[in-house]
Amino acid sequence: MKNNDFSFTIKRIRFDEHYQPADSTRITTNFANLARGECRQQNLRNALTMINNRFNALAQWDNPKGDRYSVELDIVSVDVDIAGNGDSFPSIEVLKTNIVDHKTNERIEGIVGNNFSSYVRDYDFSVLLLEHNKQQAQFSIPQNFGELHGKLFKYFVNSNAYKQHFNKPPVICLSVSDNKTYQRTENQHPVLGVEYLANESSLTEQYFKKMGLQVRYFMPPNSVAPLAFHFVGDLLNDYTNLELISTISTMETFQKIYRPEIYNANAVAGKSYKPDLKNSDHSITQIVYDREERSKLAIAQGRFAEEHFIKPHRATLEQWSANFA
């Protein structure tokens with residue numbers, strides 16, 4: 001099967017206080033989880049205020065009142081049609097940041113990626129991996145785990161559809177793993193902050209590596225824990241300070257809401273740092289979030305991907321994956 005038989009459709013929806021999740025949006029996606037229930041509008045308003053405040057705190061030059069910038073967020077949904085018959089499947093969902101400079105009345109491109117959401121990843125981790133390890137004495141990884149997902153992602157990033165919409169490769173920003181220990185280094189960036197090194201690679205990082213992404217860990221100024229930045233190329237030189245700040249302010253805000261034990265902790269990460277999701281010495285944001293529901297839904301969404309994408313197109317996907325360079 002020729003690679004050009006796959007086509008992508010890209011849609012955008014503004015993430016603001018009026019945001020309503022689309023039917024195809026994974027409900028476990030961070031921003032979608034916020035936009036539900038009776039507190040939805042206040043949740044969204046509070047999250048956006050936190051993002052803007054954090055952005056201005058990091059972009060403090062020529063910004064005496066701390067109100068020069070605001071961040072606009074678009075949710076980018078990518079559907080893939082692998083049969084060429086117009087029947088598409090929601091493949092990934094990411095966030096695109098844009099920066100508004102209120103001093104110059106200029107809109108500045110931010111970074112695409114940030115949050116990363118994928119039904120096929122739910123299938124891999126919440127269906128395939130779980131079933132592979134049922135009744136097994138020792139945990140192991142299925143053969144070719146993450147290969148298809150990684151190839152689909154790389155194919156999308158190199159597609160004409162991606163290049164028409166975005167001028168730089170994606171940066172995905174995630175929480176650090178509570179299974180690993182991180183060591184502070186002497187390397188420091190004015191915006192990304194102090195770099196940390198991990199003692200080992202996690203399954204998530206190996207998965208993202210198959211997507212063509214490498215990882216580095218930085219703890220930005222006045223943060224309490226490092227973030228994991230997954231990227232292509234040179235993170236420190238391929239993006240401007242304002243672009244990097246748009247990702248930090250957005251994803252650190254989400255992590256404070258979803259991982260307060262790590263990112264809203266009252267103690268700052270030391271030279272040797274092991275994240276702890278049982279850390280009771282942390283503050284809670286004024287934003288309602290259902291973490292338990294999110295983990296249950298991942299399995300349901302993995303089953304959805306299996307039923308509507310993996311099983312019906314298995315032969316096509318296997319052939320395409322085998323021929324993918």
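Biologist: Which elements each supply at least two residues of the lining of the largest cavity?

Modeller: Keep in mind that this is a predicted model. The largest cavity holds about 100 Å³ of space, and its lining includes Val78, Val80, Ser91, Ile92, His149 and Leu152. The elements that each supply at least two lining residues are strand S2 (69–81), strand S3 (89–101) and helix H4.

Biologist: Thanks! Which element gives the most to the lining of the largest cavity?

Modeller: Try looking along the list of lining residues, where you will find His149, Leu152, Phe153 and Phe156. Helix H4 covers 147–157. With four residues, the element that gives the most is H4.

Biologist: And how many charged residues does the lining of the largest cavity have?

Modeller: Among the lining residues are Phe8, Val120 and Ser118. By class, eight of the lining residues are nonpolar and three are polar. The number of charged residues is none: there are no charged residues in this lining.

Biologist: Let's move to the second largest pocket. Which element provides the largest share of its lining?

Modeller: This pocket has a volume of about 380 Å³, and 19 residues line it. Helix H3 (119–132), helix H4 (147–157) and helix H11 (314–323) are the elements giving two or more residues to that lining. Five residues, the largest share, come from H11.

Biologist: Which residues lie nearest the centre of the second largest pocket?

Modeller: By class, the lining has nine nonpolar, five polar and five charged residues. Nearest the centre of the pocket lie Leu128, Asn144, Leu148, Arg314 and Glu318.

Biologist: Now for two helices: is H3 oblique or roughly parallel to H6?

Modeller: Two packed helices are described by the angle between their axes and the distance between the axes. H3 and helix H6 (residues 203–210) pack at an angle of about 135°, and their axes are 13 Å apart. Angles over 145 degrees count as roughly antiparallel and 65 to 115 as roughly perpendicular, so an angle that fits none of the named ranges is called oblique. That angle therefore makes H3, relative to H6, oblique.

Biologist: Is the crossing of H3 and H6 left-handed or right-handed?

Modeller: You can follow it where the helices touch, with Val120 and Phe125 among the H3 residues and Tyr207 among those of H6. As H3 passes H6, the crossing is right-handed.

Biologist: Last one: how many nonpolar residues are in the contact of H3 with H6?

Modeller: From H3 come Val120, Arg121, Asp124, Phe125 and Leu129, which meet Leu203, Thr204, Tyr207 and Phe208 in H6. One residue of this contact is polar and two are charged. The number of nonpolar residues is six.

How values were computed:
Residues numbered from 1 in each chain as written. Predicted model: local features only at pLDDT ≥ 70, side-chain atom pairs only at ≥ 80, totals over all residues. Heavy atoms only, no water. 1 Å grid on protein atoms, 1.4 Å probe; cavity = no way out; pocket = protein on both sides within 12 Å on 5 of 7 lines; lining within 4 Å. Points joined across faces, edges and corners; volume = space filled by probe spheres on them. Nonpolar A, V, L, I, M, F, W, Y, C, P; charged D, E, K, R; others polar. Axes fitted to C-alpha atoms, helices over the stretch in contact; angles between N-to-C directions. Parallel < 35°, antiparallel > 145°, perpendicular 65-115°, else oblique. Left-handed = near helix turned anticlockwise from the far one by under 90°. Contact = heavy atoms within 4.5 Å.
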